[in-house]
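This report concerns a single protein chain and the arrangement of its residues. The sequence and structure are shown first.

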Amino acid sequence: MLTKTVATYARHRKAVQRGVVILACATLAGRLYRMSRRSHDKAETGERRGAQLDAQFVANMRRLAAIAVPGVLTREAAMLAAHTMLLVVRTLLSVAVATLDGQIVSALVRLHGREFVTGIVRWMAMAVPATLTNSLLEYLQTMLGLRFRQNLTEHVHEKYLANKTYYAVGNLDNRISNADQLIAVDIARFADSAAGLYSNLAKPALDALVYNVQLARNLGSEALFGIMVVIQASMATLRALAPPFGQLVAQEQRLEGEFHAAHARLIEHAEEVALFRGHEAEKRMLMRKYLRLVRHVSRACRLNVFYSMLEDFVVKYFWGAAGLVACAAPVFAERMPGALRSSSFGDRTRDFITNRRLLLSGSDALGRLMHAYREIAELAGYADRVAGLLAVLDDVNRGHFVRNHAEDIENEKTLVMQRGRVLESSDVEFIDVPIVSPSGDVLVRKLNFHVTPGRHLLIVGPNGCGKSSMFRILGGLWPVYGGTLRRPSMNQIFYIPQRPYLPIGTLRDQIIYPDSAEEMAGKGITDAELLEILDVVQLLGVVEREGGWDAVKLWRDALSGGDKQRIAMARLFYHRPRYAIMDECTSAVSMDVERIMYTHATALGITLLTVSHRQSLWQYHTYILQYDGQGGYMFSKLDPERRIALTEEKQRIEQELAAIDDIEARLDELENQIL
């Protein structure tokens with residue numbers, strides 16, 4: 001029976017081989033079609049949750065790859081080409097080593113000493129190009145990761161630091177809560193993962209292809225097909241039992257970002273927390289975020305342990321056993337009835353060792369491909385976060401913000417989705433412009449006022465009424481949700497907050513920010529002129545005290561609150577804009593210094609828009625915009641003397657009214673005593 005079966009197979013061997021190839025191709029095509037249909041259905045129904053190996057992952061990788069490798073004639077493309085060539089060379093060397101291994105063992109069992117020594121010499125000679133190839137591959141992989149990170153970081157910085165996007169991402173859009181984590185950490189991890197994956201995926205794929213072709217020649221396509229059936233069945237089992245690595249990695253990076261942001265927030269507000277003795281509350285909050293991260297990582301490790309055990313068993317032992325059976329099949333086939341026994345013992349040994357070496361190498365390549373599936377899933381997590389960052393930056397640059405708006409009134413939600421007009425003008429004019437916070441709270445439904453150069457505006461009102469919000473709209477930080485805003489170009493509007501921003505750099509940089517020393521020299525301004533500006537704000541001695549213009553310190557700690565506000569005013573006098581927004585910017589200086597600052601600013605022709613409750617500043621303004629805190633306001637000319645007189649009269653009457661309560665209480669007390 002067995003003899004007839006072997007004879008029948010021998011007569012129809014070519015037909016069987018063609019059928020095997022057709023069946024394999026049809027199976028592969030069907031699997032690819034089902035995968036594409038599942039990805040398409042998920043995209044249409046919106047069922048995608050987290051990072052997955054689907055059409056969205058492919059789209060993310062295409063976008064990120066176009067940034068990481070910007071063109072064919074680039075350094076990155078050349079490095080990829082060199083990396084690919086070295087991978088081919090290493091695979092060919094592996095095949096040559098496998099063949100040489102079989103020849104050495106064959107010479108050993110046949111007791112051919114000269115052939116054995118020649119084989120050892122050839123083995124050592126192959127070690128030189130092999131070790132050089134491995135070292136070059138590691139070097140190119142590291143350099144590719146650096147180049148990918150550099151290109152991605154530069155691309156993100158161009159978007160993140162343009163059009164005040166860095167402000168809008170954290171204040172107008174709430175899809176990203178830790179942009180610093182994404183830019184500084186996730187991009188680096190994506191770049192390293194992508195560079196490593198190319199080597200870890202291309203090398204085993206190339207190895208598997210070359211080894212399978214060689215095995216098909218040595219063992220026959222039927223044996224190779226049997227091995228592939230076993231491998232495909234085991235791979236399907238592993239895929240079915242594999243944890244969602246992409247989702248786990250994306251979630252871990254999100255939790256890492258939240259933990260990092262919590263520590264950064266504590267550092268930023270350390271003084272306030274210390275004064276309130278809030279260390280226990282902050283510790284509880286930090287521990288909650290840390291424990292969430294630890295629980296997630298522990299869960300991922302538990303899932304990974306089971307999968308790693310199953311993967312090692314399948315790849316190292318199950319596939320190894322199948323390979324040994326395939327290698328032994330030609331040897332035992334010679335003992336079957338009707339078979340030709342033409343090979344010698346040495347030839348059989350050589351063929352077995354060579355095929356076994358190829359099968360082990362092929363099994364190792366397939367094992368690395370299986371491990372690469374996990375790496376691809378992790379890469380999907382990084383790609384999902386980095387691509388999500390780019391999508392948010394694109395939306396913000398287009399003026400599209402996503403945030404949970406207030407749901408008090410339907411008209412307010414509609415108002416937030418609208419956009420007004422912004423026109424360039426020499427004046428500042430709000431025409432029916434609503435003051436709306438990013439969360440959708442309408443502070444003023446329609447604001448109207450007009451300020452021309454030289455007509456200074458004082459803005460007063462209770463906290464939370466819209467004073468700072470109006471400045472954010474004027475400064476381009478918040479969108480114009482309706483009406484028309486006429487304003488000069490942004491380089492003609494300068495903002496001075498109550499707590500000035502002091503950048504990292506020299507003392508000179510604090511005065512000329514955001515200009516550089518080269519830009520200052522290009523304007524024809526010298527250090528002597530900067531000294532004259534410091535003399536105006538009565539801060540002339542700071543240069544000598546702090547060690548000269550080129551001294552570099554942590555200026556927010558080195559300077560007092562009053563010195564910081566004087567530095568901010570000196571910065572205003574250096575730039576000499578057309579308009580200056582003064583937001584309680586003299587609260588830490590004396591009235592004499594305040595008078596000098598405002599007098600010099602008006603002398604320079606700077607139109608002032610001031611938020612302050614100091615009566616001493618009224619005399620420097622010609623108009624007043626007063627909010628009532630209930631959504632209303634009043635815009636009118638300011639008569640400082642009359643307003644001061646009215647304020648004093650109001651305070652006197654309030655004191656008299658307060659005294660009436662005391663008089664009535666004393667009267668009641670006297671009546672009780674008389675009775």
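The following text covers the overall fold, an enclosed helix, salt bridges, a charged surface patch and backbone geometry.

The model is predicted, so local features are reported only at pLDDT of at least 70 and side-chain atom pairs only at pLDDT 80 or more, while totals for chains, interfaces and linings use all residues. Residues are numbered from 1 along each chain as its sequence is written, and side-chain values use heavy atoms, with hydrogens and water left out.

**Overall fold**

The chain contains 22 helices and 12 strands; these are DSSP runs numbered from the N terminus, with helices being H or I of at least four residues and strands being E of at least two. Of its 675 residues, 40% count as buried. Buried means under 20% relative accessible area, exposed means over 50%, and partly exposed lies in between (1.4 Å probe, protein chains only). The accessible surface comes to about 37200 Å², and 58% of this belongs to carbon and sulfur atoms; areas were computed by the Shrake-Rupley method with a 1.4 Å probe, and for residues only the protein chains shown count as cover. Among contacts (heavy atoms within 4.5 Å) with a separation of 6 or more, 76% are between residues 24 or more positions apart.

**An enclosed helix**

Helix α14 (residues 467-474) is largely enclosed by the rest of the structure, because six of its eight residues are buried. The buried residues are Lys-467, Ser-469, Met-470, Phe-471, Ile-473 and Leu-474. Just after α14, Gly-476 takes a positive phi of about 80°.

**Salt bridges**

A salt bridge is a side-chain nitrogen of Lys or Arg within 4 Å of a carboxyl oxygen of Asp or Glu. The whole structure holds 17 salt bridges. Three of them are listed below with the relative accessible area of each partner.

| Acidic partner | Basic partner | N to O distance |
|---|---|---|
| Glu-258, buried, 18% | Arg-292, partly exposed, 37% | 3.8 Å |
| Asp-563, buried, 12% | Arg-545, partly exposed, 48% | 3.3 Å |
| Glu-546, buried, 9% | Lys-553, partly exposed, 35% | 2.5 Å |

The salt bridge of Glu-258 and Arg-292 ties together parts that are 34 residues apart in sequence, because Glu-258 lies in helix α9 (residues 245-268) and Arg-292 in helix α11 (residues 279-333). In the bridge between Asp-563 and Arg-545, the partners are 18 residues apart, with Asp-563 in helix α20 (residues 561-575) and Arg-545 in helix α18 (residues 542-546). Elsewhere, Asp-173, Arg-175, Asp-395 and Arg-398 are linked in a network of salt bridges.

**Backbone geometry**

Most residues other than glycine have a negative phi, and most peptide bonds are trans. Asn-163 has a positive phi near 55°, and Lys-164 has a positive phi near 60°. Asn-163 is found in the loop between α5 (113-160) and α6 (165-171), as is Lys-164. Asn-163 counts as exposed at 66% relative accessibility, whereas Lys-164 is partly exposed at 28%. A cis peptide bond, with omega about 10°, joins Tyr-513 and Pro-514. Pro-514 lies in the loop between α15 (507-512) and α16 (517-522).

**A charged patch**

Asp-661, Asp-662, Glu-664, Asp-668 and Glu-671 gather in a surface patch of negative charge. Such patches are made of residues with over 30% relative accessible area and no salt bridge, with like charges joined within 9 Å. Asp-668 is located in helix α22 (residues 640-674) and is partly exposed, with a relative accessible area of 42%.

Terms used: Patch = residues over 30% accessible without salt bridge, like charges linked within 9 Å, V, L, I, M, F, W, Y side chains within 5 Å. Lys, Arg positive; Asp, Glu negative; His and termini not counted. Charge placed at Lys NZ, Arg CZ, Asp CG, Glu CD.
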